[in-house]
Amino acid sequence: MTKEPIIQLNHIDVTFHNKGQTVKAVQDVSLEVARGDIYGVVGYSGAGKSTLVRVINRLQRPTAGTVTVNGQNILALRSSELRAARKKIGMIFQHFNLMNARTIADNVDYPLKGSGLSRKERHDKVARLLDLVGLSEKAQDYPAQLSGGQKQRVAIARALANDPEILISDEATSALDPKTTSAILELLKRLNKELGLTVVLITHEMDAVKEICNKVAVMEDGAIIERGDLVSIFSNPQKPLTRDFINTATQIDQALEKIYKQAKGLGLDDHHQLVQLKYVGASTDAPLITELFKRYQVVSNILYGNVEILQDTPLGNLVVVMAGEPDQLEQAWQYCRDAGIQLTFLKPKDPEVA
Amino acid sequence: MSIFAKYFPNAVTMKSDFLQATWETIYMTLITAIVAGVIGMAIGIGLIVTQPGGILENRVVYNILDKVVNLFRSIPFVILLAVIAPVTRIIVGTAIGTTAAIVPLVIGSAPFYARQIQNALTEVDHGIIEAAEAVGSGPIAIIFRVYLREGLADIIRSSVLTLISLIDLTAMAGAIGGGGLGNLAINVGYSRFESDVTFLAMLIILVLVFAIQLLGDLWARRVDHTA
């Protein structure tokens with residue numbers, strides 16, 4: 001499946017000079033976003049994610065590199081052309097950035113000023129946009145009267161006013177509570193499906209990425225250290241930072257810690273083995289635990305289980321204690337491997353020694 | 001009227017002087033407010049947009065504006081009245097009189113107003129400016145539709161402050177024959193030991209100041225939607 005790229009960043013460098021200090025915020029980053037993608041860019045704060053995406057609509061001019069959006073060389077545009085191009089790249093922010101002196105309807109109307117639409121057409125369009133984000137009844141309120149989630153919806157409506165093909169979300173859910181975050185992410189996903197909107201989502205929360213993205217790039221110190229489609233990144237992360245992010249999202253680290261703490265009580269020996277099972281996709285369909293018992297009389301005691309459905313692909317993570325005769329265990333493990341399940345033998349550290 | 005006559009024995013005979021002085025004060029304040037308002041607003045906006053990180057960042061222009069504002073704010077007004085006289089003569093043809101006083105008043109208050117405007121516009125969240133840039137607004141649209149609109153409540157408050165300090169300055173205009181209530185209070189009331197004249201002139205100024213403050217506060221509250 002080859003989709004045409006809508007955003008192409010090539011060898012982008014962004015260097016800041018501040019009071020004699022030179023900060024390389026982004027170093028030699030290339031990124032390609034295909035039309036219809038929801039592309040997540042994850043990283044801790046200071047990794048350069050915001051700087052990188054600001055290059056897309058030239059809110060930040062890169063020190064080096066090329067930017068192509070919709071076939072247009074963004075860096076070569078004159079200011080009037082740039083303003084026209086920016087209308088087709090919506091953007092939402094962590095702190096919403098609504099105009100406090102304007103009503104909700106007026107905020108959404110703002111980008112339409114000078115668009116050549118009549119007053120009536122603009123009014124109708126604002127009404128449609130507010131309806132799309134579910135805030136029609138708040139049209140005459142001021143931003144100060146709205147909750148965070150509602151403000152972000154208004155910001156989304158404003159970003160969509162000029163029918164952009166791209167939406168850049170700069171930590172848009174980072175100031176919101178988990179429930180509101182989910183609702184906003186759902187909305188973005190819906191817009192992606194219904195309007196064919198390409199979304200670039202910057203965040204430090206892997207949870208947000210997990211919920212809606214199909215592609216991910218992980219950033220550290222101004223560089224992209226790992227990238228790929230969501231399922232492969234999640235099922236097979238290469239870099240420690242990526243694993244960190246994923247483990248935070250699946251909370252497997254905390255689970256393992258708890259398990260290790262009570263490992264003594266598990267009575268592990270050569271008949272009992274602590275194993276982590278990871279599987280992607282179809283292998284979840286087989287009733288594995290039952291199968292292992294029927295074939296090899298291996299009893300699996302589940303200590304932790306987590307199944308993520310990413311892009312309609314199930315991604316399972318089990319921590320079990322397998323009990324059985326040593327040779328039977330060997331065969332059971334081989335069976336697992338043949339079924340495409342990734343096995344990791346966990347050896348709890350002795351708390352007294354550690 | 002008899003009580004008024006009892007406590008203001010000299011002032012009661014000077015009705016037309018008071019009317020004229022009040023009118024001169026209002027005239028000087030209004031004309032100066034309009035001229036200095038436009039100049040100060042332009043300089044204030046200039047400072048905001050050319051400052052480091054501003055939408056039309058320009059170090060040279062910013063530094064020139066900044067220094068000019070500081071320079072003129074440093075000169076005591078009474079001295080400015082005298083120093084600026086030759087310039088006044090070129091602009092209005094004479095260096096003496098109410099209209100002539102307007103030139104130093106403008107030069108004395110415009111830099112002050114420019115700083116006030118700069119401070120008011122600094123309060124506009126940079127994120128809002130960035131959001132406007134992201135939807136394709138140019139500098140003119142950002143100045144008029146974002147900065148001035150979002151900063152309006154603070155601009156009104158700063159304008160009230162400037163107007164009141166301007167009334168204060170007009171009281172000194174008497175030094176160059178500008179007339180006004182300040183002149184009446186000093187050159188008539190104080191010099192002739194008619195303290196009731198001084199006191200009444202002060203009362204009228206207080207009424208003017210309170211009226212401006214009250215109307216300004218009401219207006220600012222009306223346009224302020226931040227809370």
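## Confidence in the model

Which helix of chain A has the lowest confidence, and which has the highest? This is a predicted model, and in chain A the low point is helix α11, residues 263-266, with a mean pLDDT of 67. The high point is helix α3, residues 104-109, at 97. Taken as a whole, chain A has a mean pLDDT of 88, and 94% of its residues reach 70 or more.

## Chain A in outline

Chain A mixes both kinds of secondary structure, with 13 helices and 14 strands. Its C-alpha trace spans about 80 × 50 × 45 Å along the principal axes. Of its 354 residues, 38% count as buried. Take the contacts between residues at least 6 apart in the sequence of chain A: 69% of them join residues at least 24 apart.

An unreviewed UniProt entry marks residues 9-246 of chain A as "domain: ABC transporter". In the model, that stretch of chain A is 36% helix and 28% strand. Its two end C-alpha atoms sit 26 Å from each other.

## Chain B in outline

Chain B has 11 helices and 0 strands, so to speak a plain run of α after α when you read along the sequence. The C-alpha trace of chain B covers about 70 × 45 × 25 Å along its principal axes. Of the 227 residues in chain B, 41% count as buried. For contacts in chain B between residues at least 6 apart in sequence, 70% link residues at least 24 apart.

UniProt, again through an unreviewed entry, places "transmembrane region" features in chain B at residues 26-49, 77-107, 160-186 and 198-220. Here is how two of those spans look in the model. Residues 160-186 of chain B are 63% helix and 0% strand, with end C-alpha atoms 25 Å apart. Residues 198-220 of chain B are 100% helix and 0% strand, and their end C-alpha atoms lie 33 Å apart.

## The two faces of helix α8 in chain B

Helix α8 of chain B runs over residues 139-150, and its buried residues include B:Val146, B:Tyr147 and B:Glu150. Why do the buried residues of α8(B) line one face of the helix? Looking down the axis of α8(B), they fall within an arc of 85°, so they share one face. The general rule behind this is that an α-helix has 3.6 residues a turn, so residues three or four places apart point the same way.

On the other side of α8(B), B:Ile140 and B:Phe144 are exposed. As for the buried residues of α8(B), their cover includes α2 (15-50), α6 (98-122) and α7 (126-134) of chain B.

## Where the chains meet

How many residues does each chain bring to the contact? Chain B gives 18 residues and chain A gives 18 residues. On the chain B side, the elements that supply two or more residues are α7 and α8. The largest share of that side, 6 residues, comes from α7(B). Sorted by class, the side of chain B that touches chain A has 8 nonpolar, 5 polar and 5 charged residues.

## Nonpolar cores

The largest nonpolar core has 135 residues. Those with the most contacts inside this core are A:Val41, A:Ile56, A:Val108, A:Val200 and A:Leu201. Its largest share, though, comes from α6(B), with 14 residues. There is also a second, separate core of 15 residues, with A:Tyr296, A:Leu318, A:Val320 and A:Cys336 among them.

What does A:Val41 touch? Leaving out residues up to four places away in sequence, A:Val41 touches A:Lys49, A:Leu52, A:Val53, A:Val200, A:Ile202, A:Ala217 and A:Met219.

## A closer look at A:Val280

A:Val280 is found in strand β11 of chain A, residues 272-280. Is A:Val280 buried or partly exposed? It has 19 C-beta neighbours inside 10 Å, and a residue needs 20 or more to be buried, so A:Val280 counts as partly exposed.

Not counting residues up to four places away in sequence, A:Val280 touches A:Val231, A:Ser235, A:Thr313 and A:Leu315. One of these, A:Ser235, is 45 residues from A:Val280 in sequence, yet their C-alpha atoms are 6.8 Å apart in space.

Key
Residues numbered from 1 in each chain as written. Chains lettered and ligands numbered in written order. Predicted model: local features only at pLDDT ≥ 70, side-chain atom pairs only at ≥ 80, totals over all residues. pLDDT = per-residue confidence, 0-100. Helix = DSSP H or I, 4+ residues; strand = E, 2+ residues; numbered from the N terminus. Buried ≥ 20, exposed ≤ 12 C-beta atoms within 10 Å, placed from the backbone. Contact = placed C-beta atoms within 7 Å. UniProt positions renumbered as here; feature names shortened; annotations may be inferred. Arc of directions from axis to C-beta. Core = buried A, V, L, I, M, F, W, Y, C linked by C-beta atoms within 7 Å. Nonpolar A, V, L, I, M, F, W, Y, C, P; charged D, E, K, R; others polar.
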